[in-house]
Amino acid sequence: LRMVNQAKLRSYSTAKRYKYGFQVPRNYEDAVRIDRNNRNTKWQEAVKLELDSVNSYDVFIDNGSAVPADHRKIRVHLVFDVKHDGRHKARLVADGHLTDLPLESVYSGVVSLRGIRILVFLAELNQLETWATDIGNAYLEAVTSEKLYIIAGAEFGDLKGHVLIIHKALYGLRTSGKRWHERLADCLRGLGFQPCIAEPDIWLRPGQDCYEYIGVYVDDLAIVAKDPQSIIDKLTNVHQFKLKGTGPMSFHLGCDYTRDEHGTLCISPTKYISKVIDSYKQMFGCSPMGNVLSPLEKGDHPEMDTSELLDQDGIERYQSLIGSLQW
């Protein structure tokens with residue numbers, strides 16, 4: 001059984017993975033190989049962009065060749081992804097499984113989709129503005145409490161082989177989610193907000209004639225207020241957050257927010273569905289079948305299907321499509 005599981009792991013680590021029609025690398029060496037085959041540098045540029053961002057947040061302290069006595073050595077790796085618009089992304093992630101399980105709770109919740117709908121309803125009811133914003137590299141805004149270091153790899157360029165002490169709450173560490181949640185909570189309390197008793201990731205504060213709200217989904221904020229710009233200014237100027245996608249809510253957590261000819265607010269995943277269709281076209285070279293009213297054909301009997309099973313490449317494509325549909 002152990003040998004079978006090891007064979008599965010080797011198969012998983014070497015199998016090709018696709019997303020939105022693009023092959024996604026497993027590691028930095030694989031990214032260089034794919035760029036070489038595609039005759040471009042998209043993945044390497046994504047890696048450089050990520051490491052430049054990491055350096056701007058002072059995530060690591062360069063300790064040269066000296067190994068700190070009270071720190072544990074772990075590893076980091078790059079996670080690659082493709083966004084809905086085809087952008088290539090890389091994220092530096094720590095191998096947090098190499099650290100001890102913390103005794104404290106590291107749970108960091110998110111606002112429910114039902115909570116977001118309630119906030120939007122309250123905004124419409126009280127004639128408040130609804131804005132959305134995304135905090136860039138949120139975890140790196142918080143300082144980690146774990147004492148860890150790494151030996152820099154080839155992706156770090158001139159720092160290869162250096163001892164780097166982890167200073168910020170790097171993605172992948174066991175406590176990073178909690179550290180970021182605490183950091184943001186302190187900022188929101190400083191702005192006069194308190195967590196809702198029924199749903200702690202909805203923050204509220206009394207306004208002139210009604211409450212104002214912020215729904216927190218990790219680093220995505222839905223702001224319902226009389227003057228959302230004043231809240232944005234505080235987050236940017238006082239707390240030094242790097243915000244993006246800031247403005248009246250038009251797309252948030254996979255849904256479009258639009259108004260019809262009567263001014264009624266409408267919520268639908270139109271943009272997301274169009275991106276899924278575009279990825280299907282990239283993957284198969286044609287459009288999905290039209291005029292389909294059900295996931296299954298009428299009179300179809302899957303239990304009697306005798307067609308050949310998918311190969312590993314086909315399995316990866318199928319899983320990518322199913323994941324898109326589930327979201």
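## Exercises on strands and helices

Strands β11 (residues 202–206) and β12 (residues 211–217) are joined by 5 bridges and pair in the antiparallel sense. Keep in mind as you work that this model is predicted.

**Exercise 1.** Find the residue of β12 that stands opposite I202, then place both strands in their sheet.

*Solution.* Start at I202: the residue facing it in β12 is G215. Next, read the strand order of the open sheet, β10-β11-β12-β13-β7-β14, where the pairing is antiparallel. Finally, look at the ends: β10 (194–195) and β14 (243–248) are the edge strands, each pairing on one side only.

**Exercise 2.** Which strands does helix α6 lie across?

*Solution.* Locate α6 at residues 228–238. Now follow the helix over the sheet: α6 lies across β7 (129–135), β11, β12, β13 (220–225) and β14. To finish, compare directions: α6 runs at about 140° to β13.

**Exercise 3.** Describe the hairpin of β16 and β17.

*Solution.* First, the pairing: β16 (residues 255–259) and β17 (residues 265–268) run antiparallel, joined by 4 bridges. One pair of bridge partners is R259 and L265, the latter in β17. Then the turn: 5 residues lie between the strands, and G263 has a positive phi near 85°.

**Exercise 4.** Check the span of helix α8 (residues 312–326) and find where its buried residues point.

*Solution.* With 15 residues at 1.5 Å a residue, α8 should span 21 Å, and its end C-alpha atoms are indeed 21 Å apart. Next, list the buried residues: G314, E316, R317, S320, L321 and S324. Viewed down the axis of α8, the buried residues fall within an arc of 165°, so they line one face of the helix. Those residues pack against β1 (17–19) and α7 (270–284).

Methods
Residues numbered from 1 in each chain as written. Predicted model: local features only at pLDDT ≥ 70, side-chain atom pairs only at ≥ 80, totals over all residues. Heavy atoms only, no water. Pairing = 2+ DSSP bridges. Helix = DSSP H or I, 4+ residues; strand = E, 2+ residues; numbered from the N terminus. Contact = heavy atoms within 4.5 Å. Axes fitted to C-alpha atoms, helices over the stretch in contact; angles between N-to-C directions. Expected span 1.5 Å × (residues − 1). Buried < 20%, exposed > 50% of the residue type's maximum accessible area, 1.4 Å probe, protein only. Arc of directions from axis to C-beta.
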